[in-house]
Amino acid sequence: MAQPSPHTLRGAETNFYAEAAEQQFDVTMFGQQVHIVATPFQYTWNYGDGTVFGPQPSMGGPLPQDRWGEKTPTSHAYGATGDFQVVLTTAFQGTYSVNAGPPLPIPGQGQFSAPPQTISVWRSLTRNYADDCNANPQGQGCPGAAR
């Protein structure tokens, strides 16, 4: 997930975060009941502009809208405009148990990438005007001024 999305501004912090949760599966293998638990433990963001962050343990989190633009542990500020494909890869560790026995660790880890999310990075222009629109409604930058 990204905030703001699907558009952000060049040079502004865009907050990225994961929504990952423990996964549980019950399967029958060779006539045995197997219970598998996969727990997310590392996250890697490829921000699509050549910047990769991770692997690291924090999935980040959402910000209230009035705080968008703040730097977070998983945020990224784009230095160029354009459309970028952001990919989150989540690493899971697992355990399994056979026939309701004790949980045993699964060696290694599984890594799964979410489908790419497109972020469009725009530029903004800021201008300061000295005209007082109440005194001069046709002044530069005033809503009634000719363009």
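This section describes strand pairing and the principal nonpolar core in a predicted model.

A three-stranded open sheet is formed in the order β1-β3-β7, with antiparallel pairing. Its edges are occupied by β1 (2-3) and β7 (76-77), each of which pairs on one side only. Two bridges link strand β3 (residues 13-16) to β7, again in the antiparallel sense. Within this part of the structure, E13 is placed opposite A77 of β7.

A second antiparallel arrangement involves strand β8 (residues 82-98) and β9, which are joined by seven bridges. Together, β8 and β9 form a hairpin in which five residues lie between the two strands. One residue of the turn, N99, adopts a positive phi of about 50 degrees. Across the hairpin, T90 has F112 of β9 as its bridge partner. Strand β9 (residues 104-113) comprises ten residues, of which zero are buried, and the strand therefore lies largely in the open.

In soluble globular proteins, nonpolar side chains tend to be buried together. The largest nonpolar core of the model contains twelve residues, namely A2, F16, A18, Y43, W45, Y47, Y78, F84, V86, L88, I119 and V121. At least two residues of this core are supplied by each of β5 (32-46), β8 and β10 (117-122). Strand β8 provides the largest share, with three residues. A18, a member of the core, is in contact with Y43, W45, M59 and L88 when neighbours within four places in sequence are left aside. Among these contacts of A18, Y43, W45 and L88 also belong to the core.

Notes. Residues numbered from 1 in each chain as written. Predicted model: local features only at pLDDT ≥ 70, side-chain atom pairs only at ≥ 80, totals over all residues. Heavy atoms only, no water. Buried < 20%, exposed > 50% of the residue type's maximum accessible area, 1.4 Å probe, protein only. Helix = DSSP H or I, 4+ residues; strand = E, 2+ residues; numbered from the N terminus. Pairing = 2+ DSSP bridges. Core = buried A, V, L, I, M, F, W, Y, C linked by side-chain atoms within 4.5 Å. Contact = heavy atoms within 4.5 Å.
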